[in-house]
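Trainee: Could you help me learn how to read strands, sheets and buried residues?
Mentor: Gladly, let us look together.

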Amino acid sequence: MPTSPSPLANEPGPRRGSLACVGLGMTLGSHLTPLARSHIQQADVVFAGLSDGVVELWLQRMHSDVRSLQPYYREGKSRMKTYREWVELMMAEVRAGKRVCGVFYGHPGIFAWSPHKVIETARAEGFQAHMEPGISAEDCLYADLGIDPGRYGCQHFEASQLLFYERRIDNAGYLVLWQVGLVGDRSLGRFATGPKYRELLVELLHRDYPLDHEVIIYRGATLPIEKPRIRRVTLGELPQVSVTSEETVVLPPARALQLNLAMRERLEALDKESALA
């Protein structure tokens with residue numbers, strides 16, 4: 001005889017958690033995409049890793065449960081420890097069956113370890129996880145400084161990588177250096193490093209650039225009433241000017257592009273072959 005189904009057989013199981021990490025853009029309100037807004041509004045809980053308290057207050061108008069990630073930073077505490085704590089905070093709510101949205105300023109995947117890691121962790125545990133891009137500081141930099149990265153090429157480095165590793169710089173293109181205000185910090189626990197650290201960076205850059213080469217120090221606007229902050233100094237002056245971790249340093253090309261005559265001859269030969277085919 002067929003057995004009767006269990007009284008719990010037709011009951012819905014616990015709701016599976018999910019995760020979305022979205023970018024708020026750089027300028028408050030004006031950069032938020034409709035899809036990112038939808039993820040925020042439909043979430044059960046929102047975690048905020050944003051640039052300042054004003055932006056967090058604005059976000060709280062969109063959702064009743066916004067939890068700031070900023071208090072987990074502390075002078076002397078490794079930022080990597082903080083970032084791992086962020087991952088665990090978000091994953092705890094995902095595992096509890098909640099729809100979680102992590103909101104980060106700019107693009108959530110650019111200079112942001114935690115969003116990548118939490119998405120990787122959620123997917124490895126079988127949860128649905130998604131990253132929604134946002135307008136980044138890089139996007140604003142191109143617009144505000146009038147740079148087309150396709151004209152001469154553009155290299156991007158976290159500034160400390162140039163000191164920690166052997167990297168090759170192409171000074172015929174733009175060089176964009178991120179987090180120069182933290183250059184040389186091996187502890188990941190400092191909020192700034194001083195002029196002596198920037199002197200080491202300048203010493204390294206001087207291999208490819210003269211000391212009187214122009215350096216642009218840039219920070220994009222984060223509030224609609226602000227304008228981008230753009231300062232121009234020489235490479236030799238860089239150690240003595242203040243540079244925050246939020247500012248980006250750009251070195252324009254120092255030499256003209258050099259023709260690759262051998263490759264151009266081979267291309268010309270291919271063109272002739274194609275015309276005869």
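**Reading a sheet**

Mentor: Valine 176 has valine 250 in β10 as its bridge partner. Strands (E, at least two residues) and helices (H or I, at least four) are DSSP runs, numbered from the N terminus. This is a predicted model, where local features need pLDDT of at least 70, side-chain atom pairs count only at pLDDT 80 or more, and totals for chains, interfaces and linings use all residues. Residues are numbered from 1 along each chain as its sequence is written, and side-chain values use heavy atoms, leaving out hydrogens and water.

Trainee: How many bridges join strand β7 to strand β10?
Mentor: Two strands pair if DSSP finds at least two bridges between them. Here β7 (residues 174-178) and β10 (residues 248-251) run antiparallel and are joined by 4 bridges.

Trainee: What is the strand order of the open sheet with mixed pairing?
Mentor: Its 5 strands follow the order β6-β7-β10-β8-β9. At the edges, β6 (154-158) and β9 (229-234) each have a single partner strand, so one side of each lacks a neighbour in the sheet.

Trainee: Is arginine 198 buried, and what is the nearest side chain of opposite charge?
Mentor: Buried means under 20% relative accessible area, exposed over 50%, partly exposed in between (1.4 Å probe, protein chains only). Lys and Arg count as positive, Asp and Glu as negative; His and the chain ends are not counted. A salt bridge needs a side-chain nitrogen of Lys or Arg within 4 Å of a carboxyl oxygen of Asp or Glu. Arginine 198, in helix α8 (residues 195-205), is buried but has no salt bridge, with glutamate 247 the nearest such side chain at 8.6 Å.
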